[in-house]
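Visitor: I have a few labels I would like explained. Can you take me through the reasoning behind them?

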Amino acid sequence: MIAIQEKSLAQQVRADFPILHQEVNGQPLVYLDNAATSQKPQAVLEALNHYYRRDNSNVHRGVHTLSGRATDAYEGARDKVAAFVNAAHREEIIFTRNASEAINLVAYAWGQTQIQAGDEIILTVMEHHSNLIPWQMVAQRTGAVLKFVGLTETQEFDLEQYKALVSDRTRLVAVVHASNTLGCINPVEEIIAIAHRHGAKVLIDACQSAPHLKLDVQAMDCDWLVASGHKMCGPTGIGFLYGKQQILRSMPPFLGGGEMIADVFLDHATYADIPHKFEAGTPAIGEAIALGAAVDYLMEIGMDRIHAYEAELTAYLFKRLAEVPEVTVYGPQPDARGEGRTALASFTAGEVHPHDLSTILDQAGVAIRAGHHCTQPLHRAIGAQSTARASLYFYNTPAEIDKFIESLQEAVEFFGSIFG
């Protein structure tokens, strides 16, 4: 086994995650499906429980004590998320149900009002469907042209092709920060700088980077950034949109209703300032508060420390996968220190269908993902109908990787005996 610090980060935090301490199908759970959703520490569970047991009330609308406490906690969570991504202003954080809703907010409120026929939208072939379909809809409704950045030989973002694609007709570049299938980390700062030189706006999908990397939207200079709470130790049903203050203020509301108004008359209304202009109706109060607790938890550990530990795990994961000759791993290889990609591996194992592989591993208590991971165009580009994916987080251990590889080898041997 690779030498990892005497008491690893995982050993220090695993007690914080109650769900990890159970058996599945008679075997200790090895949870390696973190790119789909992460597990929740006790502090997040307690924050959600505390809100519903002690502070449950609607926010902003009441003057009584419970409403005041709920509002303070809800708005406090906004401050925490703003600090987590280094936003210049707390009003630049909009709470949404998830990252998909955040992207749709930008697509409807900005895309369908600012993009015209003949304008260009640049995406990549590696985009999650959530950062593809909304822009397809915008293009269909406006007559805009979609262009796509392909992959290099190492299955990474083709920067040279991107430079050739961007033009003065480009209005938007929407790109994933880290691929949920390939694991590559895209050069977003350079991508953004090039787009801005052509007058284009940039949206960054940070769903796979926010849980693992330190984010700085000001240094990045992105116009919008989206992330999902449930992938970064928070609950489901909550995500967020970061947007530059002046851009958000220029955008019309996405949804109409309570909370997003200033004055309402029978025939017209005026709208609240950001962020409330984009948070119509009763929000996911408890979930936002719990997301704030998740941000506290991650920042207390330190995102740099999380990344460093995950790099060690990544190096070990790829070392062990290389010992299984039937396995083909997609995306770039990490360097010797595990750097250069995120802590996941999408792979195929000879003729074994990924769903069959995942089913067999589940019997051994090992949870991995199988399918197209909401990246069907990417799977066509790499020539795979579907892949299996093992994705790590800072509470995973080298011993769990060993269990995964042992179970993977047994599954490959089992199916090999069937296929003959």
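Visitor: What makes α3 and α10 a contact, and which residues meet there?

Guide: This is a predicted model. The cut-off for contact is heavy atoms within 4.5 Å. On the α3 side, A70, A73, Y74, A77, K80, V81, A83 and F84 take part. On the α10 side they meet I285, A288, I289, L291, G292, V295, D296, L298 and M299. By class, that contact has 14 nonpolar, one polar and two charged residues.

Visitor: Why are α3 and α10 called oblique?

Guide: Start with the angle. Helix α3 (residues 65–85) and helix α10 (residues 285–301) pack at about 40°. Under 35 degrees would count as roughly parallel, and 65 to 115 as roughly perpendicular. About 40° is in neither range, so the pair is oblique. Their axes are 8 Å apart, and the crossing is left-handed.

Visitor: How do you know how α2 runs against α10, and at what angle do they cross?

Guide: Helix α2 (residues 42–55) crosses α10 at roughly 150°. Angles over 145 count as roughly antiparallel. Roughly 150° is therefore roughly antiparallel. The axes come within 8 Å. This crossing is right-handed.

Visitor: Which residues make the contact of α2 with α10?

Guide: From α2 come A43, V44, A47, L48, Y51 and Y52. They meet I285, G286, E287, I289, A290, A293 and A294 in α10. The classes are 11 nonpolar, one polar and one charged.

Visitor: What makes the bond between I274 and P275 cis?

Guide: Omega is about 5° there. Most peptide bonds are trans. P275 sits in the loop between β12 (269–271) and α10.

Visitor: What is the sign of phi at N86, positive or negative?

Guide: Phi of N86 is near 60°, a positive value in a residue other than glycine. Most residues other than glycine have a negative phi. N86 belongs to the loop between α3 and β4 (93–96).

Visitor: How many helices and strands does the protein have?

Guide: There are 14 helices and 17 strands. 

Visitor: Why is the protein called as compact as a globular protein of its length?

Guide: Its radius of gyration is 22 Å, and the globule rule gives 22 Å for 420 residues, so the label holds. Along its principal axes the C-alpha trace spans about 75 × 55 × 35 Å.

Visitor: What does UniProt list for residues 30–404?

Guide: The unreviewed entry lists "domain: Aminotransferase class V" there. Over that range the chain is 39% helix and 17% strand. The end C-alpha atoms of the range are 8 Å apart.

Terms used. Residues are numbered from 1 along each chain as its sequence is written. This is a predicted model: local features need pLDDT of at least 70, side-chain atom pairs count only at pLDDT 80 or more; totals for chains, interfaces and linings use all residues. Side-chain values use heavy atoms; hydrogens and water are left out. UniProt positions are given in the numbering used here, feature names are shortened, and annotations may be inferred rather than shown by experiment. Helices (H or I, at least four residues) and strands (E, at least two) are DSSP runs, numbered from the N terminus. Axes are lines fitted to C-alpha atoms, for helices over the stretch in contact, and angles run from 0 to 180 degrees between N-to-C directions. A crossing is left-handed if the near helix is turned anticlockwise from the far one by less than a right angle, and right-handed if clockwise. Ala, Val, Leu, Ile, Met, Phe, Trp, Tyr, Cys and Pro count as nonpolar, Asp, Glu, Lys and Arg as charged, and the others, Gly among them, as polar. The radius of gyration is taken over C-alpha atoms; the globule rule is 2.2 Å times the number of residues to the power 0.38.
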